[in-house]
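Me: Could you take a close look at one part of this structure with me? I am new to this, so please explain the terms as you go.

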Amino acid sequence: MSSLLSDDELVAAFQRGDAQSFNELVYRYKNSLYQYIMALVRDEGAAGDIFQEVFLNFYRRVGQYQAQGKLKNYLFTAARNRVLNVFRDRAKLTSLDEPDEDGSAHWHEELPGTDLQPLEGLERAELSQRIRHASLRLPAAQREVIYLKQYMTFKEVAELVGRPLGTVLSDHARALQKMKKFLSEEA
């Protein structure tokens, strides 16, 4: 299956019985969706379970899905709802603001490129760690907006989190300002 096909074309092919199209969709979203879930739950087992539940649910209901170019929003919304259910069930919604045991968060890991010199790779990893720690100091809503903006437009983020576009833009700008301040305090 070609990765040149749009999400809607892959969904249509899967609805016609092409199982490889479904595999391509999972592969297409495995990093961004899993990392988003992991950033919220900060538990590898729970993140893996939620990721699988999202795609299993989509697999079961693919016949009902109406392709409108919004599969990304559909998957991220489903993941967000599942995460919120987990926190509601565990009564741990406040844990979004708490770092894990070693004081870090599970933001997406940056894989070192093969063209980097060892010192450059170390500097990049160090900066990535500093950014991770600074992001943990943000309120959960701002941290979520910063993370989602890596994969979506502001309009898509606003739709996903159910807040007005202006609020999302404001949260993003404030989060960036706070992170700059946090990073300059460390320097």
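Which side chains does the polar contact of 2.8 Å join? And what surrounds the helix α6?

Reply: Happy to help! This is a predicted model, in which local features need pLDDT of at least 70 and side-chain atom pairs count only at pLDDT 80 or more, while totals for chains, interfaces and linings use all residues. Residues are numbered from 1 along each chain as its sequence is written, and side-chain values use heavy atoms, with hydrogens and water left out.

The polar contact of 2.8 Å joins the side chains of Arg 80 and Glu 144. A polar contact is a pair of N or O atoms within 3.5 Å; within protein, one must be able to donate a hydrogen and the other to accept it, and residues adjacent in sequence count only if both atoms are side-chain atoms. Arg 80 is found in helix α4, residues 71–90. Helices (H or I, at least four residues) are DSSP runs, numbered from the N terminus. Arg 80 is buried, with a relative accessible area of 15%; buried means under 20% relative accessible area, with a 1.4 Å probe and protein chains only. Leaving aside residues up to four places away in sequence, Arg 80 touches Tyr 36, Glu 144, Leu 160 and Val 161, where contact means heavy atoms within 4.5 Å.

Now for the helix on the other side of that pair. In α6, Glu 144 is one of the buried residues, and Val 145 and Ile 146 are also among them. Because 7 of the 10 residues of α6 are buried, the helix is largely enclosed by the rest of the structure.

Which helices pack against α6? One of them is α2 (residues 19–41), at an angle of about 170° with axes 11 Å apart. Axes are lines fitted to C-alpha atoms, for helices over the stretch in contact, and angles run from 0 to 180 degrees between N-to-C directions. That makes α2 roughly antiparallel to α6, a term for angles over 145 degrees. Here Ser 32, Gln 35, Tyr 36, Ala 39 and Leu 40 in α2 meet Glu 144, Tyr 147 and Leu 148 in α6.

Another partner is α8 (residues 165–186), which packs with α6 (residues 140–149) at about 95°, with axes 9 Å apart. These two helices are therefore roughly perpendicular, which covers 65 to 115 degrees. From α6, Gln 142, Val 145, Ile 146 and Lys 149 take part, and their partners in α8 include Val 168, Asp 171 and His 172.

Definitions and conventions: Parallel < 35°, antiparallel > 145°, perpendicular 65-115°, else oblique. Buried < 20%, exposed > 50% of the residue type's maximum accessible area, 1.4 Å probe, protein only.
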